[in-house]
Every structure is written in C-alpha cells, then in structure tokens.
Amino acid sequence: MDRSEFAARIDHTVLGPTTTPADVRRVLEEAAEYGMNACIPPCYLDGAAEYATDVTVATVVGFPHGQHSTAAKHGEAVDAWQRGADELDMVLNVGRLKAGDDDAVSRDIAEVVAAVPIPVKVIIETALLTDAEKRRACEAAADAGADFVKTSTGFADGGAAVADVELMAEYLPVKASGGIGSYEEANAMLDAGAERIGASSGVEIVEGFPDE
C-alpha cells in the first residue's frame, strides 16, 4: 500500500459539540490536500460537496447515542443524502441491544439502509459492549444490509482496539474509530482487518506514513 492508498482509508473527522463552520472548512481542505475522506456534522453538509469536490464526505445519523426513533434516523438519513452526503455513519441502539431486542436493532438499521442509495456504517460503540454483545451487534448490522460496522463514536470511554477490529471483521468491513492518533496506531488497526480509520488526527496519521 502506498501513501495515497493509505490516505484514502482515512476518514478525517470533526464531530465535537463545539465544531464551527471554520473547523469543517479546515477538515475538508486537509482531506482534499492529503487525499483523505471527511466526516462532518450533518448541519454543515450544505456546500461541503462543492467546497471539496474530490472528497468523499460522510456524516452521522442518530449521533452520538443511537436513541433517536427509527423515523428520526430515517429522516436524518434521507436529509443527509439529499444534501450531498456520500456515506452515513449511524449509531446502533445500544440499549435495545443490551435488552436483547436484536430484531428491533436490526429493523432500526434496515430502515436507514433502505432509505438511501449510499453506504451505511453502523457504530456499535464497542466500549459499552461485551464480546457476545459485539457479535450480536455485528450480526444485526449484517442482517440489515449495512456496508460497514464501526467501533466507536468517540464519545464513550474507550475507543478502537485491535481485538475488537478482529472480532468485527468476521462479519463486515470495519471502520476503526476512537483514540487513533498516529500512523502506527492506524496501521495496527488495518493489520487487524480494518478497511477504514476514523480520526480527528488524519493529517498527523498520513504524515507519519514511512518514506519509501
């Protein structure tokens, strides 16, 4: 894998509660410069595609806790797609999963998947789950037709872990996200089976790619 291929696996991210339009413009500019994707809040989608025409732009649905109603998630998904999102990262309903209502979890995801013609990644929030629950979450996402499973929102204690990526990769392509701040950490996730990396430190990660 060369540097450009590596960079294309990075979703350069800005999703914090104090994110400003200037923060989003910076992330989009950096993503364009380094050949990364970008993940931005849905309120800033308008104009993002035009501002960074060559950047794959993702946004979030049901963020950050996944407790929105299914109808709300469906509406968010359609709105985001219509306003230019190329991909969606939606949060699974962790409480329903823990309650054992896996069918409801899968239906929730399936409604979003069916609503849009773009890839949907399902955030399962690994820090809050046992290994058995992680497997059930991945099964629900796969059954619902999701394109990826993603480790974390970044808003729970704990982030991406190699063991979780290995487990999740048994079911669907994995986006490892949460606490990844260096090339070495990102590369460890890719070695474990991740297809994508989500990180607010995308520039630092790409700049750490070894010189040939």
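Hi everyone, this is a short walk through one structure, from its barrel to its charged side chains. Please keep in mind that we are looking at a predicted model.

Let's start with the barrel. Eight strands form a closed barrel in the order 1-2-3-4-5-6-7-8, and their pairing is parallel. On average, neighbouring strands of this sheet are turned by 25° against each other, ignoring direction.

Where does the barrel close? Look at strand 8, residues 194–199. Strand 1, residues 10–13, runs parallel to strand 8 and is joined to it by three bridges. On the other side, strand 7, residues 174–177, is also parallel to strand 8, with four bridges between them. Ile197 is a nice residue to click on: Ile10 stands opposite it, and Ala176 has it as bridge partner too. Strand 8 is mostly covered, with five of its six residues buried.

For another pair, go to strand 3, residues 57–61, and strand 4, residues 87–91, which run parallel with four bridges. There, Val61 stands opposite Met90.

Now for the charges. The whole structure has 18 salt bridges. Some of them form a network that links Asp11, Glu87, Asp89, Lys121, Lys150, Lys175 and Arg196.

Helix 7, residues 131–143, is a good place to see individual pairs. Glu133 meets Lys98 in a salt bridge, 2.9 Å from N to O. That pair connects helix 7 with helix 5, residues 94–98, across 35 residues of chain. Glu133 is buried at 11% relative accessible area, while Lys98 is partly exposed at 44%.

Next comes Lys134, whose side chain meets Asp164 in a salt bridge of 2.6 Å, N to O. Here helix 7 is linked to helix 8, residues 162–168, and the two residues are 30 apart. Lys134 counts as buried because its relative accessible area is 7%, and Asp164 is buried as well, at 10%.

Then there is Arg135, which forms a salt bridge with Glu170, with the closest N and O atoms 2.9 Å apart. Glu170 sits in the loop between helix 8 and strand 7. Arg135 is partly exposed at 30%, but Glu170 is exposed at 53%.

Let me finish with Glu125, in the loop between strand 5 and helix 7. What is the nearest side chain of opposite charge to Glu125? That is Lys150, 8.8 Å away, and Glu125 is buried yet has no salt bridge. Its side chain does make a polar contact of 2.6 Å with the side chain of Thr153. Glu125 also has contacts farther along the sequence, including Pro64, Val94 and Gly154.

Thanks for listening!

Note on methods. Residues are numbered from 1 along each chain as its sequence is written. This is a predicted model: local features need pLDDT of at least 70, side-chain atom pairs count only at pLDDT 80 or more; totals for chains, interfaces and linings use all residues. Side-chain values use heavy atoms; hydrogens and water are left out. Two strands pair if DSSP finds at least two bridges between them. Axes are lines fitted to C-alpha atoms, for helices over the stretch in contact, and angles run from 0 to 180 degrees between N-to-C directions. Buried means under 20% relative accessible area, exposed over 50%, partly exposed in between (1.4 Å probe, protein chains only). Lys and Arg count as positive and Asp and Glu as negative; His and the chain ends are not counted. A salt bridge is a side-chain nitrogen of Lys or Arg within 4 Å of a carboxyl oxygen of Asp or Glu. A polar contact is a pair of N or O atoms within 3.5 Å; within protein, one must be able to donate a hydrogen and the other to accept it, and residues adjacent in sequence count only if both atoms are side-chain atoms. Contact means heavy atoms within 4.5 Å. Lists of a residue's contacts leave out its neighbours within four places in sequence.
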